[in-house]
Amino acid sequence: MPCIVIKTKKSDEIINLKLLTEDLSRLTKIDIKRISIMVDYYDESAFLKSDDNLIIFVYISENNPKAEIDLLCSTIASLSERYFHKKKNSTGVICNPIRSGYFYLNGIIK
């Protein structure tokens with residue numbers, strides 16, 4: 001159940017997260033019900049870097065095969081660049097693997 005947070009500067013543009021999630025599900029073969037994507041917009045004055053690049057944080061269980069995690073990270077980067085109209089290969093993705101026993105879901109530690 002990957003959780004994805006996309007950080008970008010505030011803009012007036014509205015991103016269709018439903019379509020982004022559908023594309024990600026189709027390309028990675030992850031059930032759409034298991035994907036959570038949220039966008040965190042920050043004010044330009046609250047960030048030191050001057051480039052308008054996306055920074056994406058991916059939280060996913062370390063029990064997933066490395067190849068699947070790699071596919072998820074590269075796919076969300078390229079899709080986000082397309083949806084947010086950013087230059088190709090300009091996005092940073094930070095993958096935060098979640099160790100077994102450190103994920104709380106529906107009242108259960110997994």
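**A first walk through the chain**

Of the 110 residues in this chain, 35% count as buried, and I should say at once that what we are looking at is a predicted model. Let me begin with the whole chain and then move to a few places within it.

The chain holds 2 helices and 6 strands, and, read from the N terminus, these elements follow one another as β-α-β-β-α-β-β-β. The radius of gyration of the chain is 14 Å, close to the 13 Å that the globule rule gives for 110 residues, so the chain is as compact as a globular protein of that length. Along its principal axes, the C-alpha trace spans about 40 × 30 × 25 Å. If we take the contacts between residues at least 6 apart in sequence, 76% of them join residues that are at least 24 apart.

As for the surface, the accessible area of the chain comes to about 7,200 Å², and carbon and sulfur atoms account for 54% of that. The chain carries 16 positive and 14 negative charges, and the mean positions of the two groups lie 5 Å apart.

Now to helix 2, which runs over residues 66–83. Its 18 residues, at 1.5 Å a residue, should span 26 Å, and the end C-alpha atoms are indeed 26 Å apart, so the expected and the modelled span agree. The buried residues of this helix include Ile-69, Leu-72, Cys-73, Ile-76 and Leu-79, and also Glu-81 and Tyr-83. What do the buried residues of helix 2 pack against? They pack against strand 1, helix 1, strand 2, strand 3 and strand 4. Just after helix 2 comes His-85, which takes a positive phi of about 60 degrees.

Next, strand 1, which covers residues 3–9 and is where we find Thr-8. Is Thr-8 buried or exposed? Thr-8 counts as buried, because its relative accessibility is 2%, and the cut-off for buried is under 20%. Leaving aside neighbours within four places in sequence, Thr-8 is in contact with several residues, among them Val-39, Asp-40, Tyr-41 and Tyr-42, and also with Phe-84 and Lys-86.

Finally, Leu-17 is found in helix 1, and with a relative accessible area of 27% this residue is partly exposed. Not counting residues up to four places away in sequence, Leu-17 touches Ile-37 and Val-39. The C-alpha atoms of Leu-17 and Ser-36 are separated by 9.7 Å, although the two residues stand 19 residues apart along the chain.

Definitions and conventions
Residues numbered from 1 in each chain as written. Predicted model: local features only at pLDDT ≥ 70, side-chain atom pairs only at ≥ 80, totals over all residues. Heavy atoms only, no water. Helix = DSSP H or I, 4+ residues; strand = E, 2+ residues; numbered from the N terminus. Buried < 20%, exposed > 50% of the residue type's maximum accessible area, 1.4 Å probe, protein only. Contact = heavy atoms within 4.5 Å. Expected span 1.5 Å × (residues − 1). Rg over C-alpha atoms; globule rule 2.2 N^0.38 Å. Areas by Shrake-Rupley, 256 points an atom, 1.4 Å probe, with all protein chains shown as cover. Lys, Arg positive; Asp, Glu negative; His and termini not counted. Charge placed at Lys NZ, Arg CZ, Asp CG, Glu CD.
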